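Subject: Structure handover

Hello,

Here is the structure you asked for. Please load it first, then read the notes below it.

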Amino acid sequence: MEQIPITKQGYAALKKELERLKTIERPENIKSIEVARAHGDLSENAEYHAAKEKQSFLEGRIGEISYKIGNAKIIDPETVPKDAVRFACRVRVENLDSEEEIEYMIVGPDEADIKLGKISMSSPLGSALIGKKPGEEAIVQAPGGKRIYEVIEIL
C-alpha cells in the first residue's frame, strides 16, 4: 500500500475538506437533485444533469481524499534531517540567473501554494531540489528555458 507523505497542516486541511464535502456540499447537492427531479422530464432537464454531474465530482473527490487520509504518512518538519533537501523541509535557494534568493517549503501536491512559499515535491523545481545539499545546483527545465538554482541553506 502506497504511503502518501503529508505535513500535519496538510493532513488537517484534507480532513476539514472531507468533513465539509460530506456534511455540507453532499446534502446540498442531494437537495438540488430532488428539486430538479421535481421539475419533470429528466431527459431535457439541465438543472438535473448539472446536479448529477456535481454529485459525480463530489463523490470522486470524497473518495480521493479518503484514500489520501487512509494512506497518509504524517511528517513533522521539525524531525526532518537538514543534511539534504527532503519532503517537509524549508530551503533557501538562489536563482543563479536573476541572483534572487527565495525560500520554499517542499510539500505534497495537495499542500502546494506558491503564494505561501510551498512547492510540490513533484513540481519541476521541487523534484530537482530533492536530495540536493547546500552548495549544490538544481537544474530545472522551465517553459521559458533552463533555470539553475543553487541550494544556499536548509532551514
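Start with lysine 132. It sits in the loop between H3 and E6. The model is predicted. Is lysine 132 buried, partly exposed or exposed? Its relative accessibility is 24%, so it counts as partly exposed. Buried would require under 20%. Leaving aside neighbours within four places in sequence, lysine 132 is in contact with Ala84, Val85, Glu137, Ala138, Val151 and Ile154. One more distance for this residue: its C-alpha atom is separated from that of glutamate 150 by 9.1 Å, with the two positions 18 residues apart along the chain counted as their spacing.

Next, the sheet. It is open, has 5 strands and shows mixed pairing. The order is E5-E4-E3-E7-E6. Which strands stand at the edges? They are E5 (118-120) and E6 (137-142). Each has a single partner strand, so one side of each is left without a neighbour in the sheet. From one strand to the next, the twist averages 45°.

Now the pairings, one by one.

- E3 with E4: strand E3 covers residues 90-95 and strand E4 residues 100-107. They pair in the antiparallel sense over 6 bridges. Arginine 90 stands opposite methionine 105. Valine 91 has tyrosine 104 as its bridge partner.
- E3 with E7: these run antiparallel and are joined by 5 bridges. Glutamate 94 has glutamate 150 in E7 as its bridge partner.
- E6 with E7: these also run antiparallel, with 6 bridges joining them. Valine 140 has arginine 147 in E7 as its bridge partner. A hairpin makes the connection through 2 residues.

E6 has two faces. Ala138, Val140 and Ala142 form the covered one. Glu137, Ile139 and Gln141 form the uncovered one.

E3 and E4 also form a hairpin, with 4 residues between them. Look at glutamate 99 in that turn. Its phi is positive, about 60°, although it is not a glycine. Is glutamate 99 buried or exposed? It has 62% relative accessibility, so it counts as exposed.

Alanine 88 is another residue to check. It has a positive phi of about 75° and is not a glycine either. Alanine 88 lies in the loop between E2 and E3. Its relative accessible area is 2%, so it is buried.

Threonine 79 is found in that loop between strand E2 (72-75) and E3 as well. Its relative accessibility is 58%, and it therefore counts as exposed. Threonine 79 and cysteine 89 are 10 residues apart in sequence. Their C-alpha atoms are 9.3 Å apart in space.

On to the packing. The largest nonpolar core has 20 residues. Which of them touch the most other members? They are Val85, Val91, Val93, Tyr104, Leu125, Leu129 and Val151. The elements giving two or more residues to this core are E3, E4, helix H3 (124-129), E6 and strand E7 (145-154). Apart from this core lies another, of 8 residues. Ile6, Leu58, Ile62 and Ile69 are among them.

Take valine 93 from the largest core. Residues up to four places away in sequence are not counted here. Valine 93 touches Glu100, Glu101, Ile102, Tyr104 and Leu129, and also Tyr149, Glu150, Val151 and Ile152.

Last, the domains. The protein chain is divided into domain 1 (4-75) and domain 2 (77-154). How far apart do the C-alpha centres of domain 1 and domain 2 lie? They lie 33 Å apart. The contact takes 8 residues from domain 1 and 9 residues from domain 2. Between them, the two domains bury about 690 Å². Carbon and sulfur atoms account for 65% of that area. On the domain 1 side, Pro5, Thr7 and Ile75 supply 63% of the area buried against domain 2. That is more than any other three residues.

Best regards

Technical notes: Residues are numbered from 1 along each chain as its sequence is written. This is a predicted model: local features need pLDDT of at least 70, side-chain atom pairs count only at pLDDT 80 or more; totals for chains, interfaces and linings use all residues. Side-chain values use heavy atoms; hydrogens and water are left out. Two strands pair if DSSP finds at least two bridges between them. Axes are lines fitted to C-alpha atoms, for helices over the stretch in contact, and angles run from 0 to 180 degrees between N-to-C directions. A nonpolar core is a set of buried Ala, Val, Leu, Ile, Met, Phe, Trp, Tyr and Cys residues joined through side-chain atoms within 4.5 Å. Buried means under 20% relative accessible area, exposed over 50%, partly exposed in between (1.4 Å probe, protein chains only). Contact means heavy atoms within 4.5 Å. Domain bounds come from an automatic or database domain assignment. Buried area is the accessible area (1.4 Å probe) that two parts lose on being put together, summed over both.
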